[in-house]
Amino acid sequence: MRVLFLSLYPDTAASPRYRITQFLPYLRANGLDCTVLSALSARQYHRLTGPSHAGRAAWYHVAETPRRLKQILTARRYDVVFVQKAIMSAYLRGCTGLLRRCARRLVYDLDDAVHLAPPHPLRGLWRILEDRRQIEKIMGEADLVLAGNNWLASAAEAASAKAVRFPTVVDTERFVPGAEASGYCIGWVGNPSTVVCLAPALDALAALEKAEIHLVGVDKRRAPWPWARLKPWRLDTEVADLQALSVGIMPMPKEEWMRGKCALKALLYMACGVPVVASPFGAALEIIEDGVNGLFADSTAAWANAFERLRDPTERRRLAKAGRKTVEEAYALPKAAPRLLKLLESIV
């Protein structure tokens, strides 16, 4: 079987790395001929989304549109076309029909609330070229929709899609518990675009005493927090950065867009044997059982209480052990990869 994976971003971004790239070795070892094409090259993506990207939205569209259209026209060579997140970052009219005509079988993978709005909407008069219902149409046209959480699966079903919940998973052979962290270190791992998610926990973090706070992947220009150690995110150090934490946090504003998130941060902490504290919202409710394999916090006082509770090493070990077990049983790559293979085979 020949499968064309069309990712919205190169795998320097987390979404294609966890929804496509990590599955490729298993799929190829089991006879699938896999080709991955992103709407932008890694070099283009870095240049157009980096620190000096302000005002370059138009250039982003200029770069991705001809590249993606050429890729769609090659789809006839493949048995299955797998679209991850969206065709392009702006929803150009006619693209759904072109994709459906070129794809023998179509799988749409949804791990974000992109049905609510495009990642990079067109501006001004150019909006006449945009189809804001494109994601709903793709879901309805696809032979199969893979939804990262229950809320996304419900959105796909509302669009008359054949949808299955296919949660984001982690490689439990790579993300493993390390030596118990010395001292007491609370941390968060993300990227500059998701720093807004820290808001519910900021006051509690700022008031902490006798604790280190590591924020990995934060743009220093957007983070005037002298009480935190800011570190760049790097692929080659991400496991060590996680293992260095005593507690991992996943705060989240209660906004509709956030319901589409698939709680990857929580899964990474849990896989590395780090107890997690999260907002009781969205996909976290599918993964975390309060007091069993993690803690929920829904106010500044609750965040502060959770941080104080987890100063106890015995409590941290208990939650860490349960969290790791949860990931191994339900969110691990070795179990998810065979399932993805079966799903792809089921539509051919």
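How many bridges join E10 to strand E11, and which way do the two strands run? Keep that in mind as you look around; the answer comes at a later stop. One thing to know before setting out: this is a predicted model.

**Stop 1: the whole chain**

Start with the full protein chain in cartoon view. You will find 14 helices and 12 strands. The radius of gyration is 20 Å, close to the 20 Å that the globule rule gives for 348 residues, so the chain is as compact as a globular protein of that length. Turn the C-alpha trace along its principal axes, and it spans about 60 × 45 × 35 Å.

Now colour by burial. Buried residues account for 55% of the 348 residues. If you display contacts between residues at least 6 apart in sequence, 74% of them join residues at least 24 apart.

**Stop 2: the surface**

Switch on the surface next. The accessible area of the protein chain is about 15,400 Å², and 54% of this belongs to carbon and sulfur atoms. Then colour the charged side chains: there are 48 positive and 35 negative ones, with the centres of the two sets 7 Å apart.

**Stop 3: strand E4 and its partner E3**

Hide the surface and select residues 106-110, which form strand E4. Is this strand enclosed or open? Here 5 of the 5 residues are buried, so E4 is largely enclosed by the rest of the structure.

Show the side chains as sticks. In a regular strand, side chains alternate between the two faces of the sheet. On one side of E4 are Leu 106, Tyr 108 and Leu 110, on the other Val 107 and Asp 109, and all of these are buried.

Add residues 80-84, strand E3, to your selection. E3 and E4 run parallel and are joined by 4 bridges. To see one pairing, pick Phe 82: its bridge partner in E4 is Val 107.

**Stop 4: strand E10 and its two partners**

Move on to residues 247-250, strand E10. Both of its faces are covered: Val 247 and Ile 249 are buried on one side, Gly 248 and Met 250 on the other.

Select residues 185-189 to bring in strand E7, which runs parallel to E10 and is joined to it by 2 bridges. Look for Ile 186, which stands opposite Val 247.

Finally, add residues 276-278, strand E11, for the answer to the opening question: 3 bridges join E10 to E11, and the two run parallel. Centre the view on Ile 249 to find Val 277 of E11 opposite.

Notes
Residues numbered from 1 in each chain as written. Predicted model: local features only at pLDDT ≥ 70, side-chain atom pairs only at ≥ 80, totals over all residues. Heavy atoms only, no water. Rg over C-alpha atoms; globule rule 2.2 N^0.38 Å. Buried < 20%, exposed > 50% of the residue type's maximum accessible area, 1.4 Å probe, protein only. Contact = heavy atoms within 4.5 Å. Areas by Shrake-Rupley, 256 points an atom, 1.4 Å probe, with all protein chains shown as cover. Lys, Arg positive; Asp, Glu negative; His and termini not counted. Charge placed at Lys NZ, Arg CZ, Asp CG, Glu CD. Pairing = 2+ DSSP bridges.
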